[in-house]
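Colleague: Please take a close look at one part for me: how the inside of this model is packed. I'd like one connected account rather than a list.

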Amino acid sequence: MQQYILRRVVMLLPTLLLISVFVFGMVRFVPGDVLTILLGEQKLAAADREELAAKLGLDRPIPVQYVEWMGGVVRGDLGESLFTGHPVRSDILTKFAVSARLAVLAVIISLCVALPIGILSAVKQDSPLDYLGRSFAVLGLSMPAFWVATMIVVYGSIWFKYSPPLRYAGFGADPFASFQQLLLPALVLGLAFSASLMRMTRTMLLEVLRQDYIRTARAKGLRGWAVVGRHALKNALVPVVTIMGLQLAALLGGTVIIESVFNIPGSGRLLVQSVGLRDYPVIQGIALFQCLLVVVMNLVVDLSYGFLDPRIRLGT
């Protein structure tokens, strides 16, 4: 197990290196000039423009800028924002804390909805309950989360005089108010992700319930729910955990549209603002951090396979 984890960590390094090269290069091909955005409508002389570029380190060749940035990344320093002057690392961690609370709440809602419906739908195959659960899944897959969020805001303001708060209530200052503000966007995300989880849970559980060892367990006199809970469910959850891990990684990276609709100051919204401002250090830092999250979540999912299904053994 330790050798497997070590190999995965070693494989992580070249992956992140290639991602860093891609991100660093691509953000500089985005149309627009950060100096123009910083200067606004000011008509400065070329010398003043060059002085500002030298101050920000944008006058050096791109390969030199990349090497300097990567040197800071190795030390844990992602640089400073070109606009606010704040350390990028502290800004990312602050915004990530908001996105993480939203992601965890959305995943909890998704699991609470998807697993019971998926299990019942598989156990009661072709019953009215099964058709109802499958209809719910199709409905959830057919309605994009951003559309549902927009409809909630539009019709909520018309019918219930609801509008997202203009200011986010910090968790440390007012946990209950922060929970209330995150509940509705988490519900939208949770229901959207629960549709795919429910379908995968039903499909895999149906496949497992047809295996020979399940027939043997029933022949020994075990009741239906004992067979499902003790023998079938853990094996059926392996692909479900894979999907859930990918969804959690996406949520932790920031849900751009949902955060914008509900005015949640998370990492996704920070990324959109930084792209609009051509704030290179922030864009690079967020992209690298999100890629690291995806790789770590994939590693956690891989390690969970051995626990869910003892037949799976990780190489040593």
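Modeller: Let's fix one term before anything else: two residues are in contact when heavy atoms lie within 4.5 Å. Count the contacts between residues at least 6 apart in sequence, and 73% of them join residues at least 24 apart. Do keep in mind that this is a predicted model. The chain has 13 helices and zero strands, so on the DSSP definition the pattern along the sequence is simply α repeated. Of the 316 residues, 39% are buried.

Now the core itself. In soluble globular proteins, nonpolar side chains tend to be buried together. Here the largest nonpolar core has 27 residues, and the members that touch the most others are Leu 252, Ile 258 and Phe 262. Which elements feed it? Two or more residues each come from α5 (88-123), α7 (145-159), α8 (175-209), α10 (224-252) and α13 (280-308). The largest share is from α5, with 10 residues. There is also a second, separate core of 13 residues, and Ile 119, Leu 205, Ala 217 and Ala 232 are among them.

Leu 252 is a handy place to stand and look around. Skipping neighbours within four places in sequence, Leu 252 is in contact with Phe 96, Ser 99, Ala 100, Ala 103, Ser 267 and Leu 293. Follow Phe 96 from there and you reach one of the five aromatic pairs. Phe 96 in helix α5 pairs with Phe 289 in helix α13, which links parts of the chain 193 residues apart. Their ring centres are 5.1 Å apart and the planes sit at 85°, so the pair is edge-to-face, the cut-off for that label being over 60 degrees. What about burial? Phe 96 has a relative accessible area of 17% and is therefore buried, since the limit is under 20%. Phe 289 comes out at 22%, which makes this ring partly exposed.

A second pair, Tyr 155 with Trp 159, is tilted, with 5.0 Å centre to centre and 35° between the planes. These two are four residues apart in helix α7, which means about one helical turn separates them. Tyr 155 is partly exposed at 37% relative accessibility, whereas Trp 159 is exposed at 59%. There is also an aromatic cluster made up of Phe 24, Tyr 66 and Trp 69.

Next, the gaps. Rolling a probe the size of a water molecule over the atoms shows where empty space is left. How many cavities of 30 Å³ or more turn up? The count is one, and this cavity holds about 30 Å³. Around it sit Ala 106, Val 107, Ser 110, Phe 193, Leu 197, Met 244, Gln 247 and Leu 251. Two or more of the lining residues come from each of α5, α8 and α10, helices that also feed the largest core. By type, the cavity lining is six nonpolar, two polar and no charged residues.

For open space, consider the second largest pocket, at about 360 Å³. Its lining has 16 residues, and those nearest the centre are Leu 16, Val 73, Leu 78, Leu 288 and Leu 292. At least two lining residues apiece come from α1 (2-26), α4 (62-74), α5 and α13. Helix α1 gives the largest share, five residues. This lining divides into 12 nonpolar residues, three polar and one charged.

One last stop is in helix α8, where Arg 199 is found. At 39% relative accessibility, Arg 199 counts as partly exposed. Setting aside residues up to four places away in sequence, Arg 199 touches Ala 137, Val 138 and Leu 141. Phe 136 lies 63 residues from Arg 199 in sequence, with 9.8 Å between their C-alpha atoms.

To pull this together, α5 turns up again and again: with the largest share of the largest core, in the lining of the cavity, in the lining of the second largest pocket, and as the helix that holds Phe 96.

Notes: Residues are numbered from 1 along each chain as its sequence is written. This is a predicted model: local features need pLDDT of at least 70, side-chain atom pairs count only at pLDDT 80 or more; totals for chains, interfaces and linings use all residues. Side-chain values use heavy atoms; hydrogens and water are left out. A nonpolar core is a set of buried Ala, Val, Leu, Ile, Met, Phe, Trp, Tyr and Cys residues joined through side-chain atoms within 4.5 Å. Buried means under 20% relative accessible area, exposed over 50%, partly exposed in between (1.4 Å probe, protein chains only). On a 1 Å grid over the protein atoms alone, a cavity is a set of points where a 1.4 Å probe fits but cannot get out, and a pocket is an open set with protein on both sides within 12 Å along at least five of seven lines; lining residues have an atom within 4 Å of a point. Grid points are joined across faces, edges and corners, and a volume is the space filled by probe spheres set on the points. Ala, Val, Leu, Ile, Met, Phe, Trp, Tyr, Cys and Pro count as nonpolar, Asp, Glu, Lys and Arg as charged, and the others, Gly among them, as polar. Rings of Phe, Tyr and Trp (its six-membered ring) pair if their centres lie within 6.5 Å; planes under 30 degrees apart count as stacked, over 60 as edge-to-face and the rest as tilted.
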